[in-house]
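Visitor: I'm new to reading protein structures. Could you walk me through this one?

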Amino acid sequence: MTDKLTLTDAEWRERLTPEQYQILRHGGTERAFTGKYESNKAPGMYLCAGCGTPLFSSETKYNSGSGWPSYTSPVAADAVDEHVDHSHGMVRTEVRCATCEGHLGHVFPDGPGPDGLRYCINSASLDFKPKD
Ligand code: FE
């Protein structure tokens, strides 16, 4: 069980940059190939930019060519929640942080790993913590 983090809209605005706020709290998407972690290959952990929960390990990160950080799995199955997303005339599976419900990105069934999944995540939703 994860402890939930619930803040008011004003508190989120104060805590996040305008870009983080738009993406995490309003389901926005950064433009492809513009995010700060898209080509990051350093070993470490990607935390939720909203609440600091570890979400994705560099060990599952791969170059998908999509323009967004891509992972084959979250670091723990219960770290993220998945929701059906009907926006923009598509049916996609939205990925949110299970702790703060921040929007992270989407998961697609075309990944290279044993589960065949591609977690396509906005850099703005993440904070990278390099391995010591
Ligand atoms: Fe979070």
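Here is a chat that goes from the metal site to the core, the sheet and two backbone angles.

Guide: Some ground rules before you ask: this is a predicted model, where local features need pLDDT of at least 70, side-chain atom pairs count only at pLDDT 80 or more, and totals for chains, interfaces and linings use all residues. Residues are numbered from 1 along each chain as its sequence is written, and side-chain values use heavy atoms, with hydrogens and water left out.

Visitor: Which residues are the protein donors of the iron ion?
Guide: Donors are N, O and S atoms within 2.8 Å of the metal (3.2 Å for Na, K and Ca), and since water is not among the atoms, sites may look incomplete. Here the donor atoms are SG atoms, lying 2.3 to 2.4 Å from the iron ion. Along the chain they follow the spacing C-x2-C-x45-C-x2-C. The residues are Cys48, Cys51, Cys97 and Cys100.

Visitor: What geometry does the site of the iron ion have?
Guide: Four donors count as tetrahedral if all angles lie between 85 and 135 degrees; square planar (four) and octahedral (six) need opposite donors over 155 degrees apart and all others between 65 and 115, and anything else is irregular. The angles among the four donor atoms here are 103 to 116°. That makes the site tetrahedral.

Visitor: What does UniProt say about Cys48, Cys51, Cys97 and Cys100?
Guide: UniProt positions are given in the numbering used here, with shortened feature names, and annotations may be inferred rather than shown by experiment. These four cysteines span 53 residues in sequence, yet no two of their C-alpha atoms are more than 8.7 Å apart, so they gather at one spot. The feature that the unreviewed UniProt entry places on them is "binding site".

Visitor: Is Cys97 buried or exposed?
Guide: Buried means under 20% relative accessible area, exposed over 50%, and partly exposed in between (1.4 Å probe, protein chains only). Cys51 has 22% relative accessibility and counts as partly exposed. Cys97 has 0%, so it counts as buried.

Visitor: Where does Cys97 lie?
Guide: Helices (H or I, at least four residues) and strands (E, at least two) are DSSP runs, numbered from the N terminus. Contact means heavy atoms within 4.5 Å, and Cys97 touches Leu55, Ala79 and Leu104, among others. Its home is strand S6.

Visitor: Which residues have the most contacts inside the largest nonpolar core?
Guide: A nonpolar core is a set of buried Ala, Val, Leu, Ile, Met, Phe, Trp, Tyr and Cys residues joined through side-chain atoms within 4.5 Å. The largest one has 22 residues, and its suppliers of at least two residues each include helix H2 and strands S1 and S2. The ones with the most contacts are Leu55, Phe56, Leu104 and Leu126.

Visitor: Which strands stand at the edges of the open sheet?
Guide: Two strands pair if DSSP finds at least two bridges between them. The six strands run in the order S3-S4-S8-S7-S6-S5, with antiparallel pairing. An edge strand has a single partner, so one side of it is left without a neighbour in the sheet: that's S3 and S5.

Visitor: Which residue stands opposite Tyr71?
Guide: Strand S4 (residues 70–71) pairs with S8 in the antiparallel sense over two bridges. Across from Tyr71, in S8, you'll find Tyr119.

Visitor: What is phi of Phe33?
Guide: Most residues other than glycine have a negative phi. Phe33 sits in the loop between H2 and S1 and is exposed, at 52%. Glu101, in the loop between S6 and S7, has a positive phi near 65°. Phi of Phe33 is also positive, near 65°.

Note on methods. Lists of a residue's contacts leave out its neighbours within four places in sequence.
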